Amino acid sequence: MAQEKAGSLAGKILKDAGVSYLFGIPGGHVYPLLEGCEEAGIPFISVRNEMNAAFAAEGWALTTGKLGACTGTAGPGVTNLLTGMANAKSGGFPVLYFGGRARLSEFDVNQLQDFETLPVVSSICKYAKAIYDPARLPEYVQRAATMATTGRPGPVYVEMARNYMDEEIDPATLPSLPTVLADGEGRTAADPAAVARAAALIDKAERPILLIGGGAWWSQAQDALTAFVEKTNIPFFTRNAARGIIPDDHDLYGGLAYNHPVLKNVSPLCDLVIIVGTRPGYTLHPSLIPAGVPVVRVDIDPAEISSMVQVTVPLVGDARAVVEQLTEACSVTERDAWLEAVDDVKTAVMQAAMPMLMSDAYPIHPMRLMFELFAVADEDTIFCIDGGDSATWASAILPATGPGQHLSLASTCYGPLGVGMGYAMAAKLAHPEKNVILLTGDGAIGYNIMEYDTCIRYGLNITTVVLNDKQWGMILRSEAKKSADIDPIGLILRETHYEEVVEALGGYGEFVDKAEDIADALERAMESGKPALVNVMTDPQYGPEF
Ligand SMILES: Cc1ncc(C[n+]2csc(CCOP(=O)(O)OP(=O)(O)O)c2C)c(N)n1
Ligand SMILES: [Mg+2]
């Protein structure tokens, strides 16, 4: 029987596990894995910093709903993935990290890049294993992929020492793999008696709201949710990986399920809250679920279902399966008066924002920039969002045009600056025909502008818009609120010409400092046929007031 290198086998197994691209930086310790992946039809996307590989892998998961994968070579390659790993843990993103490791003969004798990774990654990942027998590689990789994508999804890690990577294995002698569940088999439905109690509450409610979070996206509940809201006429609010799961232009869309003026004004009026697949926290304050109002909560994790919220009817199960049960059990209900009341709040919030959105001021008001971006969005636009205040403005205004089409720093409570380029690269790889726009701060772009080199090598024609307020604005503005005479420490940046950096790397650049020039500059950038960056100078005095 033909022998195969363990690295080749790893490529095949990742392919079977649904991996489409492997993001990373090559290193001797992982090179056989890269060869194996290419042989198996998993292109290797060679980035300029492993942190961006980790964010690209999670961006892949956020835009496709499927497992993302990346690699870092032994030692520093792996430790550069850690911020992404922690973000994937916070958000519950299914991402597999394949780490390199020194040869066993090199352990503990000061050899190159020898580092004991497992104690570090084990505290972050759902599952973290070193593989000491290449014949067991398929089993471990498959187990890791299953752990990443089932239950509450999350980060998983596997590593194999370089000496094993080269080992030849006879595939016929490998132990048989565990059974893989077919789609649907792992979708646990909730207890029917609890569903009946929830349906009775929903039928009777006059002013219910539905808060939808990432759990719905990972179970691909878009059709189920659309059917549910259309039957029950319940206004819905979305957050995290579920932004756009039903597009924002749906009639029943209430707004963001974040600490946002619409929800802040609507939730005190409601008489029932339905929560699907999400946990309150920094970006959704628990007080937005009003005390004394009954709560129906759907979550796959029984340990989470009552966290931070007094739950009246817990429905433990997969979001899609449970929402289908609820649709079946609930009656068709008209709620015209309530929907009008929610619309009135939406209209009032929008009207209050109008002067800022339409501002012709010089320097440019940040909201005017958001308005111009809003204006170019259609159903084929994917927005990626990074930065501080810039991200807060963008999250509030830039629409989620469809499932997997709104990838944001605000998708977790971890809040790592620098997610944007990884997300945008992954979104463009997954949807080459769509328009990928990254809105980011001038601080945040500094984490990864070199990835324009990656975009050019792989033909990823994204458009980045830098909201350039010449500062680490969110920190400066929040400290300034506390004291009138703040002496900024490390917070001031410059009028840096990021567009020239992109041009120097071979991309297309635009510099804008007048509101009336934004639209044309954006159009030229998107039509340039190159990875592009539009550097927009904004008025540093303004920060979001919510
Ligand atoms: C990795 C990381 N380092 C530091 C921070 C703290 N931080 C939050 S917002 C912010 C300012 C971001 O500046 P910029 O990207 O220019 O956006 P702006 O607020 O100016 O719009 C900083 C430094 C963070 N969230 N993540
Ligand atoms: Mg800034």
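**Notes on the sheet, the ligand shell and the domains**

1. Let's start with one residue pair: Ile382 sits opposite Val436 of strand E17. Keep in mind that this is a predicted model. The strands behind that pair, E15 and E17, run parallel and are joined by five bridges.

2. Zooming out, the sheet is an open one with six strands, ordered E16-E15-E17-E18-E20-E19 and paired in parallel. Its edges are strand E16 (406-408) and strand E19 (508-512), each of which has pairing on one side only. If you care about twist, neighbouring strands are turned against each other by 15° on average, ignoring direction.

3. How many bridges join E17 to E18? There are five, and the two strands run parallel. Gly441 has Leu467 in E18 as its bridge partner. Leu467 also has a bridge partner in E20, namely Val536. Strand E18 (residues 463-468) and strand E20 (residues 532-537) are parallel too, with six bridges between them.

4. Why is E17 largely enclosed by the rest of the structure? It's because six of its seven residues are buried.

5. Now for two helices on this sheet. Helix H15 (residues 366-376) packs on it and touches strand E15 (381-385), strand E17 (435-441), E18 and E20. The direction of H15 makes about 165° with that of E18. Helix H16 lies across E15, E16, E17 and E18, and runs at about 140° to E17.

6. On to ligand 1, which has 19 residues around it. The closest of them are Gly388, Ser390, Gly441, Gly443 and Gly473. So Gly441 turns up twice in this note: it is one of the closest residues to the ligand, and it is also the bridge partner of Leu467.

7. Which helices each supply at least two residues of the shell around ligand 1? They are helix H16 (389-397), helix H18 (442-445) and helix H20 (473-482). H16 is also the helix that lies across E15, E16, E17 and E18. By class, the shell splits into seven nonpolar, nine polar and three charged residues.

8. Finally, the domains. The assignment for the chain lists domain 1 (4-173), domain 2 (192-341) and domain 3 (358-537). The centres of domain 1 and domain 2, taken over C-alpha atoms, are 36 Å apart. Contacts between these two involve eight residues of domain 1 and eight residues of domain 2. On the domain 1 side, the touching residues are three nonpolar, four polar and one charged.

Technical notes: Residues numbered from 1 in each chain as written. Chains lettered and ligands numbered in written order. Predicted model: local features only at pLDDT ≥ 70, side-chain atom pairs only at ≥ 80, totals over all residues. Domains from an automatic or database assignment. Contact = placed C-beta atoms within 7 Å. Nonpolar A, V, L, I, M, F, W, Y, C, P; charged D, E, K, R; others polar. Near = placed C-beta within 6 Å. Helix = DSSP H or I, 4+ residues; strand = E, 2+ residues; numbered from the N terminus. Pairing = 2+ DSSP bridges. Axes fitted to C-alpha atoms, helices over the stretch in contact; angles between N-to-C directions. Buried ≥ 20, exposed ≤ 12 C-beta atoms within 10 Å, placed from the backbone.
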